[in-house]
Amino acid sequence: MMDMNKMISEIKSFAKGVDDILSPVEVIEWFENIAKENNKIKEEIYNKDETGRDIKCYVIGKGETILLYAFPDPGEAVGGTSIKVLTQLLLDEQSSISKMPYRFVIVPCLNFLDQPNNGVKNERLQKTRAQEVDWCLSDPRLETRAIIKIAKKYEPKLTFPLHDEWHSKEYVDPYLGVDPVISKKLATEITEIFAGYDMEMNSEYDDPEMGKGFFNMKSIGPEYKNCTFSLFAKMGHVFVCEVPYGKNLKAASLVEIQLSVFISFINGVFN
């Protein structure tokens, strides 16, 4: 049984060292270096992206697979820093998070091509539809093909595409898309995590089962079939946690929120 209080305490302890949201280049280089230094993390190379760069993923642990990928769209940068902190926890033998019986498959940067400033410096901006690599199954980009290939190899029981609203130039209340739906109990626990940072859930989304700030991604309609999430949902659970920018939220707090929701999701779905 997972000790949620202890795990969230560990997340907050490790996130204290986060001063800023890392750029794609910083995250990519960190993973490449840690894989050379620590034999508990295995680097795998998939096909190249539209820029000619190798798309890499990193594998830690054994058991049923949990898949995470960062920088899916331009400017959606919080997840890169979050997966660095998560990886530090997974490689720390003293942490309870490192003892979870799962295999974590982590893609540090899926969509490098569309990141601003050649991936060297983050910038908040609005994406175009052509830049959404999760929404083109009918005509997949190389990045889309890579994440599908990874998913088909590992068949994840949980997929966490690290999208966010941090890229937005205006504050957006947090919201979550899930497939399949989660229990009201778990939705309430997640809502309470955001409330701990004085954040209210987004009233634009109000699922009859899960409540305010949540929506069933199947409700998107026929267009959902063109999304990678629909493919991942055939293998297990998939959820997107849209954390915002603004309200004086520090980088460390955004990482704490994203990872606390992630751990709560694992506990609520699998335990």
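In the predicted model, Pro-180 is situated in the loop that runs between strand E6 (175–179) and helix H5 (184–195), and the peptide bond joining Asp-179 to Pro-180 is cis, with omega at about -5 degrees. Most residues other than glycine have a negative phi, and most peptide bonds are trans. Departures in phi are found in two further loops. Asp-198, in the loop between H5 and strand E7 (206–207), has a positive phi near 60 degrees, and this residue counts as exposed because its relative accessibility is 68%, above the 50% cut-off. Asn-117, placed in the loop between strand E4 (102–107) and helix H4 (142–154), likewise has a positive phi near 60 degrees, but with a relative accessible area of 38% Asn-117 is partly exposed.

Among the helices, H3 (residues 78–91) comprises 14 residues, for which a span of 20 Å is expected at 1.5 Å a residue; the end C-alpha atoms are 20 Å apart, in agreement with that value. H3 is mostly covered, twelve of its 14 residues being buried, including Val-78, Ile-83, Val-85, Leu-86 and Leu-91. Ile-266, which belongs to helix H7 (residues 251–270), is also buried, because its relative accessibility is 0%. The C-alpha atoms of Ile-266 and Leu-68 lie 13 Å apart in space, although 198 residues separate the two in sequence.

On the surface, a patch of negative charge is formed by Asp-19, Asp-20, Glu-26 and Glu-29. Of these residues, Glu-26 lies in helix H2 (residues 24–37) and is partly exposed, with a relative accessible area of 41%.

How values were computed: Residues are numbered from 1 along each chain as its sequence is written. This is a predicted model: local features need pLDDT of at least 70, side-chain atom pairs count only at pLDDT 80 or more; totals for chains, interfaces and linings use all residues. Side-chain values use heavy atoms; hydrogens and water are left out. Patches are made of residues with over 30% relative accessible area and no salt bridge: like charges are joined within 9 Å, nonpolar side chains (Val, Leu, Ile, Met, Phe, Trp, Tyr) within 5 Å. Accessible areas come from the Shrake-Rupley method with a 1.4 Å probe; for residues, only the protein chains shown count as cover. A salt bridge is a side-chain nitrogen of Lys or Arg within 4 Å of a carboxyl oxygen of Asp or Glu. Lys and Arg count as positive and Asp and Glu as negative; His and the chain ends are not counted. The place of a charge is taken as NZ of Lys, CZ of Arg, CG of Asp or CD of Glu. Helices (H or I, at least four residues) and strands (E, at least two) are DSSP runs, numbered from the N terminus. Buried means under 20% relative accessible area, exposed over 50%, partly exposed in between (1.4 Å probe, protein chains only). The expected span of a helix is 1.5 Å times one less than its number of residues.
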